[in-house]
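Me: I am new to this structure. Please pick a single part, look at it closely, and show how the rest connects to it.

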Amino acid sequence: MSDETRPRMPAATVETLARSVFEQAARYGFTRIDQVRLASALLSLCNAAGPAATGPGQKATATAAATRSVPTPPSGAGLAHGARLVIHALDASHPHFSTVAGWLQELFAAHFLLSAASPQSRNLEELLRCDRNVFGLACLDDGRPAVLLAYLDHDELHQRAEMRVLVGDPGLRRQGYAEEAARAWLAYGFGSLGLGKVFAQTLQGDVRTMQLFERLGFAVEAVLPGELCIAGERHAAVRCALLRDAYVLPADPPPSA
Ligand SMILES: CC(C)(COP(=O)(O)OP(=O)(O)OC[C@H]1O[C@@H](n2cnc3c(N)ncnc32)[C@H](O)[C@@H]1OP(=O)(O)O)[C@@H](O)C(=O)NCCC(=O)NCCS
């Protein structure tokens with residue numbers, strides 16, 4: 001029986017099998033990036049020209065996969081770039097790992113995690129190990145680490161994740177690096193990661209963060225009274241979000257004369 005005439009597997013079967021492979025790979029020690037590489041390797045097998053194995057001892061013509069092919073950035077690879085910076089995947093072996101861990105000790109910077117929608121470890125190594133989180137570090141042209149970016153709790157079923165942005169060195173704030181890096185990170189999220197919705201949560205009074213997300217095109221979805229408890233005090237949170245369809249790609253620079 002050919003692939004064309006064979007009845008389709010029920011969606012629940014496909015999802016269950018995918019989840020089982022995903023969980024086994026996670027138990028094996030696959031990081032989030034490794035999982036993406038695994039998915040890409042599966043797609044390559046499906047797309048391979050000529051016959052592909054479909055069962056023990058069986059061969060069948062490969063069907064053209066309608067699924068989008070996910071790029072496979074190796075650990076530390078460049079994920080995105082802006083005019084003044086490049087974003088690399090961040091893991092515990094990254095040369096700037098200890099600098100970034102130091103950033104998170106500062107109270108102001110700690111809001112990168114404290115005002116997140118879901119509980120997050122404040123230990124950077126644990127954060128990076130969590131396979132639902134994706135981290136990037138934007139470095140300037142001279143190599144200085146400038147902006148830490150994250151997608152927390154990447155939900156593959158609903159194609160959404162919580163975005164976080166941190167300019168670690170206070171001397172680099174208010175120079176447009178956060179916005180530039182965030183735009184590149186959104187292009188990566190909506191493009192390579194296949195996100196359909198990116199959301200962010202912040203303290204209601206955090207004007208700088210709100211201004212940043214507004215400039216990026218996020219719309220406020222809700223104000224959540226008393227949502228966060230920081231240093232024993234309850235604070236309202238603002239949740240804002242950006243849908244892929246509403247995301248406006250930055251305009252190309254005008255052609256030089
Ligand atoms: C939130 C946060 C990332 C914003 O950083 P930021 O440096 O203020 O944001 P930007 O890099 O976009 O800088 C904007 C400023 O740079 C200016 N700017 C923009 N482009 C510029 C350029 N090319 N050159 C110089 N300045 C520029 C803007 O005019 C703006 O000025 P203003 O501050 O006077 O309004 C930063 O405050 C931070 O790291 N906070 C701690 C972590 C946190 O709470 N994150 C929120 C949870 S996700």
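Reply: One definition is needed before the details: a residue counts as exposed if 12 or fewer other C-beta atoms lie within 10 Å of its own, as buried if 20 or more do, and as partly exposed in between. The model is predicted. The protein has seven helices and 10 strands, and 25% of its 257 residues count as buried. Of the contacts between residues at least 6 apart in sequence, 58% join residues at least 24 apart.

The part chosen here is strand β7, residues 160-167. This strand is mostly covered, with seven of its eight residues buried. Two strands that pair with β7 are described in turn, and then the ligand.

One partner is strand β6, residues 145-155, which pairs with β7 in the antiparallel sense over seven bridges. At one of the paired positions, Asp 155 of β6 faces Arg 160 of β7. The two strands make a hairpin, and four residues separate them. In that turn, Gln 159 has a positive phi of about 50 degrees. Asp 153 also has a positive phi, near 50 degrees, and is a residue other than glycine. Asp 153, however, has its place within strand β6 itself. It counts as partly exposed because it has 16 C-beta neighbours inside 10 Å, a count that falls between the limits of 12 and 20.

Another partner is strand β8, residues 197-203, and here the pairing with β7 is parallel, over three bridges. Among the pairs across this boundary, Ala 161 stands opposite Val 198, and Glu 162 has Phe 199 as its bridge partner. Between β7 and β8 the chain passes through helix α6, residues 177-190, in a β-α-β crossover that is right-handed. As background, side chains in a regular strand alternate between the two faces of the sheet.

Strand β8 also pairs with strand β10, residues 233-243, this time in the antiparallel sense and over seven bridges. Thr 202 is one of the residues involved, standing opposite Val 238 of β10. Arg 234 is found in β10 too. With 10 C-beta neighbours inside 10 Å, Arg 234 counts as exposed. Setting aside residues up to four places away in sequence, Arg 234 touches Gly 226 and Cys 229. Ala 231 belongs to the loop between β9 (219-230) and β10. Its phi is positive, near 50 degrees, in a residue other than glycine. Ala 231 has 7 C-beta neighbours inside 10 Å and therefore counts as exposed.

Helix α6 leads from the strands to the nonpolar interior. The largest nonpolar core has 46 residues, and those with the most contacts inside it are Ile 87, Val 147, Leu 149, Ala 181 and Trp 185. The largest share of this core comes from α6, which gives nine residues. Ile 87 has contacts beyond its neighbours within four places in sequence, among them Leu 149, Ala 181, Ala 184 and Trp 185. Gly 78, Leu 79 and Gly 136 are also included in the contacts of Ile 87.

Strand β7 returns at the ligand. The ligand is surrounded by 21 residues, the closest being His 111, Arg 173, Gly 176, Ala 178 and Glu 179. At least two residues of this shell come from each of α4, β7, α6, β8 and α7 (207-215). The largest contribution is from β7, with four residues. By type, the shell consists of 10 nonpolar, six polar and five charged residues.

His 111 is one of the closest residues to the ligand and lies in helix α4, residues 111-114. It counts as partly exposed, because it has 18 C-beta neighbours inside 10 Å. Apart from neighbours within four places in sequence, the contacts of His 111 are Leu 203 and Asp 206. His 111 and Asp 206 lie 95 residues apart in sequence, and the distance between their C-alpha atoms is 9.6 Å.

To sum up, β7 pairs with β6 in the antiparallel sense, pairs with β8 in the parallel sense, and gives the most residues to the shell around the ligand.

Note on methods. Residues numbered from 1 in each chain as written. Predicted model: local features only at pLDDT ≥ 70, side-chain atom pairs only at ≥ 80, totals over all residues. Pairing = 2+ DSSP bridges. Right-handed = clockwise from strand over helix to strand, strands pointing away. Contact = placed C-beta atoms within 7 Å. Near = placed C-beta within 6 Å. Nonpolar A, V, L, I, M, F, W, Y, C, P; charged D, E, K, R; others polar. Core = buried A, V, L, I, M, F, W, Y, C linked by C-beta atoms within 7 Å.
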